[in-house]
Amino acid sequence: MAAVSTLPLALFPLLGIMSSTEVSKNYMKEGYMTFIGGVMASIAVEDSKLHERIALEVLLLVGTDIKRLLRGFMLTTAFLSMWMPNVAATALMMSIVDAVVAEMSSKLSRFFIISSSRQDTFTALRVTLLLGVNFGTSIGGTGTLIGTNPNLALVAMLEKIYPGSDEITFSSWMMYNVPGLFLCVIIAWLYLWLVNIYFS
C-alpha cells in the first residue's frame, strides 16, 4: 500500500491532472521529493552497474596518455557526481584509479626493471588521479539540484526568504551551473597537471 500511495507522483503529471509541484506539496516539500528522486535514481544507477560502464567506456576512449587520462577521470567523476551521491562516486572512481595505475605498473614491469624514480612517477600519477577524482566530485555535485545536499538546502532557503521569486527548477539550475562546472573542471585539470606532473 505504501508504494501504491506514491503512484500519483508519477501518474498525475503524466496524465495532466496536476503538476508535479502541486502533487509533491501533498506529500512533503518539493525539495525533499527531489532528494528522494535523486536517491532512487542513484540506487538504480548503482544496481544496474551503469556507473561502472560509463567509467570504463570513458577510459577506453581516452587511452593511457596521462593528460587525457586525468581529464577523462575528472570529467567522468564530475558527470557521475551530478546524479549520484559524492561519496559513492568518489569510492567508485578511486577503486578504478587504483586498478588502472596498478595495471600500468605491472605491464611496464614485465618488460623493464622499474627504477625508484619510475616508481615515484607512478606514485605521483596515482596521487594526481586521486586528487582529480576528488576535485571532479566536488565540482560535479554543483551541476544538478540532486548533486549534493546543500543545493537543495539553498533552494529551500531562497523559497523561504524570497517567496515571490521565480522558482528554481531542475533545468534552470543545470543551465546556470553546468557551463561553470565544465570551466572549473578544465581549470582544476590544468592545475593538477601543471603542479603535480609537468613541474614536478
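**Entry 1: ground rules**

UniProt positions are given here in the numbering I use, feature names are shortened, and annotations may be inferred rather than shown by experiment. I am working on a predicted model, in which local features need a pLDDT of at least 70 and side-chain atom pairs count only at pLDDT 80 or more, while totals for chains, interfaces and linings use all residues. Residues are numbered from 1 along each chain as its sequence is written, and side-chain values use heavy atoms, with hydrogens and water left out.

**Entry 2: confidence**

I looked up pLDDT, the predictor's confidence in each residue on a scale from 0 to 100. The protein chain has a mean of 78, and 82% of its residues reach 70 or more. Confidence is lowest in helix 3 (residues 30-47), with a mean of 70, and highest in helix 9 (residues 170-198), with 88. I also marked residues 111-115, where the pLDDT is below 50; beyond near neighbours in sequence, this stretch has four contacts in the model. A contact means heavy atoms within 4.5 Å.

**Entry 3: the fold**

What does the secondary structure of the protein chain come to? I found nine helices and zero strands. Helices (H or I, at least four residues) and strands (E, at least two) are DSSP runs, numbered from the N terminus. Of the 200 residues, 31% count as buried; buried means under 20% relative accessible area, exposed over 50%, and partly exposed in between (1.4 Å probe, protein chains only). Among contacts with a separation of 6 or more, 68% come from residues 24 or more positions apart.

**Entry 4: the UniProt record**

I checked the unreviewed UniProt entry, which lists residues 83-102, 123-147 and 180-199 under "transmembrane region". In the model, residues 83-102 are 90% helix and 0% strand, with the end C-alpha atoms 28 Å apart. For residues 123-147 I noted 72% helix and 0% strand, and 30 Å between the end C-alpha atoms.

**Entry 5: helix 5 against helix 9**

How do the axes of helix 5 and helix 9 cross? The axes of helix 5 (residues 66-83) and helix 9 come within 10 Å and cross at roughly 155°. Axes are lines fitted to C-alpha atoms, for helices over the stretch in contact, and angles run from 0 to 180 degrees between N-to-C directions. The two helices are therefore roughly antiparallel, the word for angles over 145 (under 35 is roughly parallel, 65 to 115 roughly perpendicular, the rest oblique). The crossing is right-handed: the near helix is turned clockwise from the far one by less than a right angle, where anticlockwise would be left-handed. Looking at who meets whom, I noted Leu70, Met74 and Trp83 among the residues of helix 5, and Phe182, Trp189 and Trp193 among those of helix 9.

**Entry 6: three single residues**

Is Met84 buried or exposed? Met84 sits in the loop between helix 5 and helix 6 (86-111), and counts as buried at 3% relative accessibility. Met84 and Gly147 are 63 residues apart in sequence, yet 6.4 Å apart C-alpha to C-alpha.

Pro179 belongs to helix 9 and is exposed, at 52% relative accessible area. From Pro179 to Gly143, 36 residues apart along the chain, I get 8.7 Å between C-alpha atoms.

Tyr27 is in the loop between helix 2 (20-25) and helix 3, and is partly exposed at 34%. The C-alpha atoms of Tyr27 and Thr6 are separated by 8.8 Å, with their positions 21 residues apart along the chain.
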